[in-house]
Amino acid sequence: MAATIADVANLAGCSITTVSRAFSVPEKVRPQTRERILQAAETLRYSPNAIARAMVHQRNHNLAFVVDPWQYPIMDAFYAEIAGAVQLEAEQRGYCVYTTASDRRELFMKKRVDGVILAGRADEGLLSDLRGQGIPAVQINDRPASDDVPSITTDHYQGACQALEHLIAQGHTRVGLVTDCRLARLTDSRRAYEDVLCRHGLPFHPAYICPVEPHIETARQAVDRMLAQSDAPTALFCMNDCLAVGAMKAAVRRGLRVPDELAIIGYDGSSLCRATEPELSSVRVDGSGMGRRGAHMLIDLIEGRLLSESRVVMQPELTLRGTT
C-alpha cells in the first residue's frame with residue numbers, strides 16, 4: 001500500500017498541515033523541519049513528483065475538475081454551472097482548469113495538476129492515486145468519500161422537506177418521489193419523504209417511490225408506469241431537474257395538465273427550469289457558490305494555507321414557478 005501524507009507526518013514528527021506546507025510552500029517551513037519531512041518522504045517513497053516540485057519551489061498552476069461518468073453525463077446542466085464557477089475562481093487566482101471524467105484519470109495526471117476538485121461521487125481508487133502523489137482534493141456535491149478530503153455539500157434532507165411540505169400544503173395527499181438511483185442523496189430524500197408523510201398522517205405507498213437512471217427518457221418511462229396506476233400520485237418530487245423534465249414529458253403524453261392534474265417539483269435549480277413550459281419549480285442548490293468555494297478551498301490547500309473549515313454544508317431554497 002502506498003504511503004500517505006499521514007505516514008510522512010508520523011515519521012517526521014509533525015502535523016499533516018506542516019507536511020503539506022513543506023511540499024507546496026517550502027519557504028514557509030523551517031529548514032530543519034523541511035529537511036526532516038523530505039527525508040521521511042524519501043524513506044517512505046512518498047510522492048517523488050511533489051518532492052521534486054517542492055525542492056525547486058514551483059507549481060504548475062493546473063487544477064482538474066473531475067466528474068464521475070458513472071453518476072452524471074459530463075454536460076449535465078447543474079455540473080456545468082459548478083464547473084463554470086470553478087473556472088472563474090481559478091483564473092482569478094492564476095490557475096488553469098482541466099475538465100475530465102474520473103475514468104480518464106491518466107490524462108489529468110499527465111497534466112501534473114496541483115489539485116483536484118471531485119464533482120459528485122469519487123471512487124477509492126482515484127483517491128488512493130491522489131494520496132500517493134500528494135495531490136490535494138476537494139469534493140463537491142456528495143458526501144465526503146474520505147475523512148481526509150474536505151467537502152462542500154448541500155443539506156439534501158432539508159431541501160426535500162421544503163418541496164414535500166409545499167406539495168402537501170397545496171392539498172396533495174398522493175405524492176410520488178422520483179430519485180436518481182445512483183446518488184447518496186437518495187437516502188436523504190427517502191428519509192425526508194417518510195418523515196414528512198408521517199408528520200402529516202399520510203400513508204406510505206412503496207409504489208410511489210421511483211428510483212431511476214439520471215436521464216430524461218428513463219425518467220419519462222418510469223413515471224409513465226407510475227401514472228398508469230388507478231390511484232396515481234397527483235404530485236411528484238424529483239431529486240434532480242433532469243428527472244423532473246422526464247416526469248413532465250410523461251404527464252403531457254398522457255394528456256395530464258401540469259400543474260392542475262399533476263404538480264411537479266425538481267431539484268438543483270439548473271438552467272433546465274427555464275427551458276420547460278410551464279417553467280419548472282425546483283429546490284435551488286447554489287452550484288456557482290459551491291464551485292467558487294470549492295476552488296478557493298483547494299487553492300488554499302495547494303498554497304499551504306490553513307482551512308477555516310473542511311466541511312461546508314450549504315442550504316438549498318425552494319423556488320416556485322409554473323409546475324406547482
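In this report a helix is a DSSP run of type H or I with at least four residues, a strand is a run of type E with at least two, and both are numbered from the N terminus. The model described here is predicted.

**Overall picture**

The protein has twelve helices and twelve strands. It contains 324 residues, and 53% of them count as buried. Among contacts with a separation of 6 or more, 70% are between residues 24 or more positions apart. The accessible surface amounts to about 14,300 Å², and carbon and sulfur atoms account for 50% of this area.

**Helix 11 and its surroundings**

Helix 11 covers residues 241–253. With 13 residues at 1.5 Å a residue, helix 11 should span 18 Å, and its end C-alpha atoms are indeed 18 Å apart, so the two values agree.

At the N-terminal end, Asn-240 acts as a cap for helix 11: one of its side-chain oxygens lies 3.0 Å from the backbone nitrogen of Cys-242. After helix 11 comes Gly-255, which has a positive phi near 80 degrees.

How many of the 13 residues of helix 11 are buried? Ten are, so helix 11 is largely enclosed by the rest of the structure. The buried residues include an unbroken stretch from Asp-241 through Cys-242, Leu-243, Ala-244, Val-245, Gly-246 and Ala-247 to Met-248. Ala-250 and Ala-251 are also buried. The table gives elements that are among those covering these residues.

| Element covering helix 11 | Residues |
|---|---|
| Strand 6 | 175–180 |
| Strand 7 | 209–212 |
| Helix 10 | 216–227 |
| Strand 8 | 235–238 |
| Strand 9 | 263–268 |

Strand 10 is also part of this cover.

Strand 8 is itself covered on both faces. Ala-235 and Phe-237 are buried on one side, and Leu-236 and Cys-238 are buried on the other. Strand 8 runs parallel to strand 6, to which it is joined by four bridges; in one of them, Leu-236 is the partner of Gly-176. Strand 8 also pairs with strand 9 in the parallel sense, over three bridges. Here Phe-237 stands opposite Ile-265.

**Salt bridges**

Side chains of opposite charge can pair when their charged atoms come close. The model holds 14 salt bridges.

One of them joins Arg-284 and Glu-81, with 2.6 Å between the closest N and O atoms. This pair links distant parts of the chain, since Arg-284 belongs to strand 10 (residues 281–284) and Glu-81 to helix 5 (residues 77–92), 203 residues apart. Is each partner buried or partly exposed? Arg-284 has a relative accessibility of 27% and counts as partly exposed. Glu-81, at 18%, is buried because the cut-off is under 20%.

Another salt bridge is formed by the side chains of Glu-279 and Arg-274, at 2.8 Å from N to O. Glu-279 is partly exposed, with a relative accessible area of 26%, while Arg-274 is exposed, with 56%.

A further salt bridge connects Arg-293 and Glu-309, whose closest N and O atoms are 3.3 Å apart. Arg-293 lies in helix 12 (residues 287–302), and Glu-309 lies in the loop between helix 12 and strand 11 (311–314), 16 residues apart. Both partners are partly exposed: the relative accessibility is 36% for Arg-293 and 37% for Glu-309. In addition, Arg-93, Asp-300, Glu-303 and Arg-305 are joined into one network by salt bridges that share partners.

How values were computed:
Residues numbered from 1 in each chain as written. Heavy atoms only, no water. Salt bridge = Lys/Arg side-chain N within 4 Å of Asp/Glu carboxyl O. Buried < 20%, exposed > 50% of the residue type's maximum accessible area, 1.4 Å probe, protein only. Contact = heavy atoms within 4.5 Å. Areas by Shrake-Rupley, 256 points an atom, 1.4 Å probe, with all protein chains shown as cover. Expected span 1.5 Å × (residues − 1). Polar contact = N/O pair within 3.5 Å; in protein donor to acceptor, adjacent residues only side chain to side chain. Pairing = 2+ DSSP bridges.
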